[in-house]
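Subject: Structure handover

Hello,

Here is the structure for you to take over. Please open it first, then read my notes below.

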Amino acid sequence: MYSNNIFDDEQSDNFVMEDITDVSLPKYINPYTDFGFKKLFGTPMNKDLLISFLNALFEGEEVIDDLTYLNGENLGHSSFDRRAIFDVYCKNTKGETFIVEMQKAEQEHFKDRALFYATFPIQEQGKRGVWDFNLKGVYTVAILDFMLPNGEYPNDSMRHEVLLMDKDDKHVFYDKLKFLYLEMPKFNKREEELDGMFDKWMFVLRNLSKLLRRPKALQDRIFTRLFEQAEIARYTPQERVGYEESLKIYRDLKNVVDTAEHKGLEKGLKQGMKQGIKQGIKQGRDNGIKEVARKMKDMGLDLQQIIAATGLSREEIYRL
C-alpha cells in the first residue's frame, strides 16, 4: 500500500520474499542498477530519453538531435590488447562519440580508467592511407553514486566538466575530448527548487526509486515517457526477474561498500586518537622547552648557552 507522499517511507527496502516474482517492489525502478540504467538509456527504443538527458547535461553546448547506438564491447587492435565494455556507447549525427556510464562505487585509478576508455573511440577514427588526423569529439559522461575522494570539489559543486586546458592562461587547448562527472550524492534539491532540465534530470536520477507518483515539476513530455518505462508494474515476468536480480546485486555492492567505509572510519578514528596523543605529547614537550629557554633568556644567559641547552635555533629564541 502506497502512502500519499511523493516519496516512499523508510520501510521500502524491507521486502518479504515468497518467490522471486512476488517481491514487494517500489513503484519505479532504481536507475543505479544495471537493468534500470540500460532500460532507460541503453536501448534504441528509449533513445529519446538519452538524447534529452545528454542535452540537459551539456546545457545546450552539445545539441544532439539523433543518436545511433554502437557496440558497447570494444577490443584493441589485436587479441592481446585490453578490452573496454561501456554501459552506453553511441554516436550523434555529427559523428561525435558519447560514452555514458553509471559508476556505483569508487575504484582505484578511476580517472586513469576513464582516460583509457576514451582512447578506444579515438583510435577507431584512424584511417588507412593518407589522413589529416581530423578527429570527431569524444565525450565521456560518468554518473557517480559516490563523491570523489579527498574533497576534490566543494560540497556545493556536483557537475564537473573536464577538458585539456593551458595551465598558464587557462584557455581551452582542445575541446574535442571532454569528461563530464556528476557527483550524485551532492544533489539534494527538493521538487520546488528545480530550475531547468538539468535539475529535473538530476532529481529523477537521485529519487526515482523512492517516488510514489510523478512529481508536478516533471510534467514535460519526455518525463511522461520516462515514468512509463520506469514503472515496474508494466514489465513482463522476465523483465521483473531480471530487474530483481540486478537490484540484489546493487544492494549487495552498496552493503559491501558501506561496511568497508564504516570499518575504515573506525580504523581512522583509532589511528587519529593515537596520532593526536603523540602530537599532544610533542606539543607539550616543545612548549616546555620554549618556557625553559624563555626563563634562561630572562636570567641573562648567553645565547649560545641557551641554544646548547634547549636545541632551539637562534631565530626561535629571538621570537620568545
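**What was found**

The chain has an accessible surface of about 19,700 Å², and 52% of that surface belongs to carbon and sulfur atoms. Keep in mind that this is a predicted model.

The chain has 320 residues, of which 36% are buried. Its secondary structure consists of eight helices and eight strands. Take the contacts in the chain with a separation of 6 or more: 59% of them come from residues 24 or more positions apart.

**Cavities**

The search covered the whole structure and gave three cavities of 30 Å³ or more. The largest cavity holds about 50 Å³ of space. Its lining is made up of I99, E101, Q103, F110, R113, A114, Y117, T140 and A142. Three elements give two or more residues each to this lining: strand 5 (97-103), helix 3 (110-123) and strand 6 (138-144). Which element gives the most? Helix 3 does, with four residues. Sorted by class, the lining of the largest cavity has five nonpolar residues, two polar ones and two charged ones.

**Aromatic pairs**

Rings came next. The whole structure contains 18 aromatic pairs. One of them joins F35 and Y243. Their centres are 5.8 Å apart and their planes are at 55 degrees, a tilted pair. F35 belongs to helix 1 (residues 34-41) and Y243 to helix 6 (residues 237-298), so this pair ties together parts that are 208 residues apart in sequence. Is Y243 buried or exposed? Y243 is buried, at 1% relative accessibility.

A second pair to look at is F58 with Y139. Here the centres are 5.7 Å apart and the planes stand at 65 degrees. The pair counts as edge-to-face because the angle is over 60 degrees. F58 sits in the loop between helix 2 (47-57) and strand 1 (67-69), while Y139 is in strand 6. The pair therefore ties together parts that are 81 residues apart in sequence. F58 is buried, with a relative accessible area of 2%. Y139 is buried too, with a value of 3%.

There is also a cluster. Ring pairs link F37, F41, F53, W201 and F223.

**Two single residues**

Start with L180. This residue is in strand 8 (residues 172-183). L180 is buried, with a relative accessible area of 1%. What does L180 contact, leaving aside its neighbours within four places in sequence? The list is L57, F58, T140, V141, A142, R159, H160 and E161. F58 is the ring residue paired with Y139, and T140 and A142 are both in the lining of the largest cavity. L57 is 123 residues from L180 in sequence, yet the two are 8.3 Å apart in space, C-alpha to C-alpha.

Then look at S157. This residue lies in a loop, between strand 6 and strand 7 (159-165). The relative accessible area of S157 is 19%. S157 counts as buried because that value is under 20%. Leaving aside neighbours within four places in sequence, S157 is in contact with E183 and K186.

**Where to look first**

I would begin with the largest cavity and its lining from helix 3. Then turn to the pair of F58 and Y139, and go on to L180, which contacts F58.

Best wishes

Definitions and conventions. Residues are numbered from 1 along each chain as its sequence is written. This is a predicted model: local features need pLDDT of at least 70, side-chain atom pairs count only at pLDDT 80 or more; totals for chains, interfaces and linings use all residues. Side-chain values use heavy atoms; hydrogens and water are left out. On a 1 Å grid over the protein atoms alone, a cavity is a set of points where a 1.4 Å probe fits but cannot get out, and a pocket is an open set with protein on both sides within 12 Å along at least five of seven lines; lining residues have an atom within 4 Å of a point. Grid points are joined across faces, edges and corners, and a volume is the space filled by probe spheres set on the points. Ala, Val, Leu, Ile, Met, Phe, Trp, Tyr, Cys and Pro count as nonpolar, Asp, Glu, Lys and Arg as charged, and the others, Gly among them, as polar. Buried means under 20% relative accessible area, exposed over 50%, partly exposed in between (1.4 Å probe, protein chains only). Contact means heavy atoms within 4.5 Å. Accessible areas come from the Shrake-Rupley method with a 1.4 Å probe; for residues, only the protein chains shown count as cover. Rings of Phe, Tyr and Trp (its six-membered ring) pair if their centres lie within 6.5 Å; planes under 30 degrees apart count as stacked, over 60 as edge-to-face and the rest as tilted.
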